[in-house]
Amino acid sequence: MPVSIVPLQGFATGTDTANHAGPIRHISADRIRMRLTFWGAAQQVTGSMFLLEQGDYKILIDCGLDMSRERRQDDYVPTWEPAYDGALFPFDASTISCVLLTHAHLDHSGMLPNLVRAGFEGQIYCTAPTRELTTILLYDSANLHSKKAKALSQKKTKDKAAAQQFNELYFADHVDEVMDRFQQVSLDKPFQLTDTIKVCFYTAGHLLGAGSIYLEVTEGQQVKRIGFSGDLGRYDYPLLVDPAPFPEVDYLICESTYGNRYHTDKGDPVDIMQDVIQRTCVDIPGRLLIPAFSIGRTQAILYTLNRLYSERGFEPIKVFSDSPMALQSTKVFTKYQHQLNGQARKFGQEHNHLFDFENFEFVADPDKSKAINDYNEPCIIISSSGMIKGGRIEYHVKRNIENPYATIFIVGFAPEGTLSHSLIQGQDKIYNEGKEYQVRANIERTDIFSGHADLNGLLKFVGQQDKQRLKHVFLVHGDKEPMLDFASKLRQEGYAGVSAPAPGEAFEL
Ligand SMILES: [Zn+2]
């Protein structure tokens, strides 16, 4: 895909002249100094990938998997959308000098093995917990890819899209090569990346080890400051430290996942958990299914359950965490307990363990996973994926969806095209692998465990910037509607230069 040199567009809300007159310039062919290209999470949520170039020095900020390319139709059969005409990347990976990785989630890290396969020889800078969580996620992906490869190997000889999808699959030995590239950084401690580029990862509060990235680039007498929010977390979230104050910059690249939404559930997550469990497992002795990401969300839920049982003396109902990846990542959370928030550290000291309590069991073995269905007492089953798109939770949902004594508790992001979205919409039938199921289970929802800042949090983050000094805000990592709404909200607040770049759009800073 060629670099586009189109004017800012798509976000004209009556103030487009101010928008076009902003102090950023599109690429001119003559003298290119610092250039920023939006290769991913551009006008969509997933696939974070931004290329910042200062002459020959090329920094990739995140190298994420674009999950929107795999779509499921009404019958939930996945289809794949090819990109870059068969190439893995829209640029020459061997020319990338280094990667700065904000956090472990696959939509930020999931293309790293392919970057190495495509010739990248540099280092990947991230925090120690990010390195460990990314390792778990990438090996899990490689494992899934091996299964997909078998399914695709027949099809790819006839179908171009299948051939490209096959080409993008990486395996464990590719992940091994990524492991050699990690370079550890500490949160909130600046370091010199090159003679002219200083970098600091600031606590983002979104996931253990997650950072927002600040860059200070010197060009002659001039110093340019650029900030990448990464994914922004919330204040008072279970386990995690609040987002740190972020310094003033000239250019801000800001996520906008919840650019038009406020979280509605407030207060202590233990209260919400207690209420749901009381109604669904005690008043009506039933079974509570909680679809949750294995990394981050599952630990927040386990910690909340531990607090419910330990601090309130609530009868400890049986809890299964049915995910090998949850077991692995919980070990990482325990190892880096000193990086968690004050409440969690204190709880850990007083109760010895953040994630282990009476009647709790991790399930790794696949046969034991299926055997959970034979457990006839009230119980809580936590399993991934969070969106009920793949993973063991699909099996548990299938087995329980027609059971009026079961409840499915949606605690995460539920984008269109996922079963969790269909359930929240109140559909009375769902389809899985071509089979129809009647929805007789109860559906509950909370946003208290959502890992992203809402509109208040986003405005607070941008609000740290001086309106006169900040030259431009680039919105990324959001669907079009929340992005548009967030852009107009920022303009109302007095930020003149706000835009949401299209994929491949490049700017001279
Ligand atoms: Zn994330």
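## A helix across a sheet, and what surrounds it

Helix α7 (residues 269–283) lies across four strands, β15, β18, β19 (406–410) and β22, and runs at about 135° to β15. Keep in mind as you look around that this is a predicted model.

**The sheet under the helix**

Those strands belong to an open sheet of 6 strands, in the order β17-β16-β18-β15-β19-β22, with parallel pairing. Where does the sheet end on either side? Its edge strands are β17 (360–363) and β22 (442–445), each of which pairs on one side only. On average, neighbouring strands of this sheet are turned by 20° against each other, direction ignored.

You can follow one pairing in detail. Strand β15 (residues 287–291) runs parallel to strand β18 (residues 379–383), and 5 bridges join them. Try finding I290 in your viewer: opposite I290 stands I382 in β18. In a regular strand, side chains alternate between the two faces of the sheet.

**A second helix, α12**

Now turn to α12 (392–400). Its buried residues are R392, I393, H396, V397 and N400. Why do they line one face of the helix? Seen down the axis of α12, these buried residues fall within an arc of 135°, so they share one face. A general rule helps here: an α-helix has 3.6 residues a turn, so residues three or four places apart point the same way. The cover over the buried residues of α12 includes β15, β16 (318–322), α11 (366–371), β18, β19 and α13 (419–424).

**Some unusual backbone spots**

Most residues other than glycine have a negative phi, and most peptide bonds are trans. Against that background, a few places are worth a visit. The peptide bond from S384 to S385 is cis, with omega near 10°. S385 sits in the loop between β18 and α12.

Next come two loop residues with positive phi, neither of them a glycine:

| Residue | Phi | Loop |
|---|---|---|
| L239 | near 75° | between β13 (222–228) and β14 (251–255) |
| N359 | about 70° | between α10 (342–351) and β17 |

Are these residues buried or partly exposed? L239 is buried, because 24 other C-beta atoms lie within 10 Å, and the cut-off for a buried residue is 20 or more. N359 counts as partly exposed, because it has 15 C-beta neighbours inside 10 Å.

A further positive phi, of about 45°, belongs to E433, in the turn of a hairpin formed by β20 and β21 with 2 residues between them. The two strands, β20 (residues 429–432) and β21 (residues 435–438), run antiparallel and are joined by 4 bridges. Y431 has E436 in β21 as its bridge partner.

**Stepping back to the domains**

The domain assignment of the protein chain gives domain 1 (16–261 + 451–508) and domain 2 (269–445). The centres of the two domains, taken over C-alpha atoms, are 29 Å apart. How many residues does each domain bring to the contact? Domain 1 gives 19 residues and domain 2 gives 23 residues.

On the side of domain 1 that touches domain 2, β5 (70–72) and α4 (128–155) each supply at least two residues. α4 gives the most to that side, with 6 residues. The residues on this side of domain 1 divide into 12 nonpolar, 1 polar and 6 charged.

Note on methods. Residues are numbered from 1 along each chain as its sequence is written. This is a predicted model: local features need pLDDT of at least 70, side-chain atom pairs count only at pLDDT 80 or more; totals for chains, interfaces and linings use all residues. Domain bounds come from an automatic or database domain assignment. Two residues are in contact if their C-beta atoms, placed from the backbone, lie within 7 Å. Ala, Val, Leu, Ile, Met, Phe, Trp, Tyr, Cys and Pro count as nonpolar, Asp, Glu, Lys and Arg as charged, and the others, Gly among them, as polar. Two strands pair if DSSP finds at least two bridges between them. Axes are lines fitted to C-alpha atoms, for helices over the stretch in contact, and angles run from 0 to 180 degrees between N-to-C directions. A residue is buried if 20 or more other C-beta atoms lie within 10 Å of its own, exposed if 12 or fewer, and partly exposed in between; C-beta atoms are placed from the backbone. The arc is that of the directions from the helix axis to the C-beta atoms.
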